[in-house]
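Dear colleague,

Here is the structure I promised to pass on, with the sequence alongside. Below it you will find notes on what turned up, arranged by region.

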Amino acid sequence: MPKKDDTGIISRINGPVVFAKGMRAAKMRDQVEVGPDRLIGEVIALNGGEATIQVYEDTVGLMPGMQAVSMHAPLSVELGPGLLGNVYDGIQRPLGALQVAAGDFIRRGIQVHALDREKKWPFVPSAHEGDRLTERAILGVVQETPLIEHKVMLPPGISGDLEWIAGEGAFSVDTPIAKIQTEREIVDIQLLRKWPVRKSRPMLRRLPPNVPLFTGQRVLDFFFPLARGGAAAIPGGFGTGKTITQHQLAKWSDADIVLYIGCGERGNEMTQVLEEFPKLLDPRSNRPLMERTILIANTSNMPVTAREASIYTGITMAEYYRDMGYHVALMADSTSRWAEALREMSGRLEEMPAEEGYPAYLASRLAEFYERAGRAIVSEDGREGSVSIVGAVSPPGGDFSEPVTQHTRRFIRTFWGLDKELAGARHFPSVNWNISYSEYAQEVRPWWEEHFELPWTALRTEAINILREENRLQHVVQLVGPDALPDRQRLFLEVARMIKEAFLQQNAFDAIDAYCVPEKQLRMMHVILHFYKRAVEVLERGVPILTVMDTPLVETLVRMKNTIPDDELERVDELEREIDKYMEGL
């Protein structure tokens, strides 16, 4: 039974915000059960004995005089085997289990465990009784899916001597499998543990972001790379391909675990995700991609407060797998809808609005989220893991000067700006190379130089310079036409067109072009720039530009992305020799 000070009486209701008097024992961020349906809420403000509670479900039907009971624990997620392959709502209720319990129409107040208490998992111990263990030390493993081995760890903050550990066998998540003698007491360890969603899990030591996270998308990997443990933003207006780009990243990035948060997106888009992801195959193992994926579905018609919590629910689960030594890629689609939830909550609380009605703490909330990305050593045995965050931003009207985009740019180091004109021209990914940037380029440069002979930095710099010169020349072309330009500048236009069509444009539905290995990216750019250099030499000998470009080799260069598979890269070298032969014959 709850104590008297734990129970408050609802005094007034303002949408998803409930005010309850008499809760003197409540603390900030305590989880609360509100009304006879025990709706889940969270204390977000305290004023004397009155608690301000944001409720994560529809508050229709609540009335003053009803009870609100503090649980004396913050909103937390359940962590353990069974997370992968699941679809959750914003506060980690499994939608599949909710459907079984309540049917297609989920009633308010229904509570289902995030992890199945009945299922038994095959546990194989790796530690031995008497071992001295530090926090996050591995006790054993559970084969969670055919792709991922779940490492059972000591929770952060717990270390000591291993008094007892279960032998190999099958256990439910709430069955003790070990006992640890700490300095003060004996602690039972289960496969299941909880962690507050708003508290980041500690790292032992941060590592520099000097290893690229490969996505297989040339414009991202080659021009604007994201490092493992880095943070990136994909801003773009309606129809520019934010969601499809994130789908490509989820499918093709070399992360071990993918966590996709549909935060406030339209129901039809989220339905598409829920229908498509179970059908996708992991390209590395040819197994279902869901075996290493967690989905959080929180559509725009769901309670706005649960949308605000979904970001923290997702990043907490990502940090849990990072602590096991996995590299996790988290996709948040979209942080603009999350910011709109903050704005609505702020209005309900009658707080002073800042620019465009967003709360004054918008920037600090964005910082709290993006700073939880990182690559780190997470345990004393040198285990390394990372969480990389890719947040989609949906600025109204594609206006990148609005507050969410501008504040996001302060806390991320890779900016993939999507362009409506490119999307309208069917150029995908529609990343605008003139406004996008990556601050990780210098840090990942040694990795490229160590693994490949071709000079990535020199090729990238030269290609970017050609694209910038072409952008400048386009203003002149609009005035006088391309025929009025000298041959050298017309060559710039032609080579820039080749870079855009042969390299930057990528077909997600083409079996060969959907993914491009780093070595192929280097060789493709090298052969395009080799054509450019040889063409400059020929122009200097007096050969006109029309003669230089009048060759089937140009079309062959444009089509090599579709015609040369990743395992036949010697054909790119043959193409380079054909270019030399052609240029020497002019």
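Two residues are said to be in contact when heavy atoms of theirs lie within 4.5 Å. Please bear in mind throughout that this is a predicted model.

With that meaning of contact, and leaving aside neighbours within four places in sequence, Phe 503 is in contact with Arg 218, Phe 222, Phe 223, Met 498, Gln 521, Met 524, Met 525 and Ile 528. Phe 503 also belongs to the largest nonpolar core, which has 90 residues, and together with Phe 223, Trp 416, Leu 491, Ile 499, Met 525 and Ile 528 it is among those that touch the most other members. Helix α13 (residues 518-540) gives this core its largest share, namely twelve residues. Apart from that core lies another, of 75 residues, which includes Ile 91, Leu 139, Ala 306 and Tyr 312.

On the aromatic side, the count comes to 19 pairs. One of them joins Trp 448 and Trp 456, whose rings are stacked at 5.0 Å centre to centre with 10° between the planes, and both of these residues are buried. Ring pairs also link Phe 503 into a cluster with Phe 214, Phe 222, Phe 223, Phe 224, Trp 447, Trp 448, Phe 452 and Trp 456.

Arg 218 comes up again with Asp 513, which sits in the loop between α12 (487-504) and α13. Asp 513 counts as buried because its relative accessible area is 0%, the cut-off being under 20%. Although Asp 513 and Arg 218 are 295 residues apart in sequence, their C-alpha atoms are 9.9 Å apart in space, and a polar contact of 2.9 Å joins their side chains. Beyond its neighbours within four places in sequence, Asp 513 is also in contact with residues including Gln 505, Asn 507, Lys 561 and Asn 562.

A charged residue of another kind is Lys 151, in strand β12 (residues 149-153). Lys 151 is buried yet has no salt bridge, the nearest side chain of opposite charge being that of Glu 149, 4.6 Å away. The side chain of Lys 151 does, however, make a polar contact of 3.3 Å with the side chain of Tyr 326.

Finally, in helix α8 (residues 403-411) the buried residues are Pro 403, Val 404, Thr 405, His 407 and Thr 408, and they pack against β19 (231-235), α6 (335-348), α7 (362-370), β24 (384-393) and β25 (414-415). At the start of α8, a side-chain oxygen of Glu 402 comes to within 3.3 Å of the backbone nitrogen of Val 404.

With best wishes

Notes:
Residues are numbered from 1 along each chain as its sequence is written. This is a predicted model: local features need pLDDT of at least 70, side-chain atom pairs count only at pLDDT 80 or more; totals for chains, interfaces and linings use all residues. Side-chain values use heavy atoms; hydrogens and water are left out. A nonpolar core is a set of buried Ala, Val, Leu, Ile, Met, Phe, Trp, Tyr and Cys residues joined through side-chain atoms within 4.5 Å. Buried means under 20% relative accessible area, exposed over 50%, partly exposed in between (1.4 Å probe, protein chains only). Helices (H or I, at least four residues) and strands (E, at least two) are DSSP runs, numbered from the N terminus. Lys and Arg count as positive and Asp and Glu as negative; His and the chain ends are not counted. A salt bridge is a side-chain nitrogen of Lys or Arg within 4 Å of a carboxyl oxygen of Asp or Glu. A polar contact is a pair of N or O atoms within 3.5 Å; within protein, one must be able to donate a hydrogen and the other to accept it, and residues adjacent in sequence count only if both atoms are side-chain atoms. Rings of Phe, Tyr and Trp (its six-membered ring) pair if their centres lie within 6.5 Å; planes under 30 degrees apart count as stacked, over 60 as edge-to-face and the rest as tilted.
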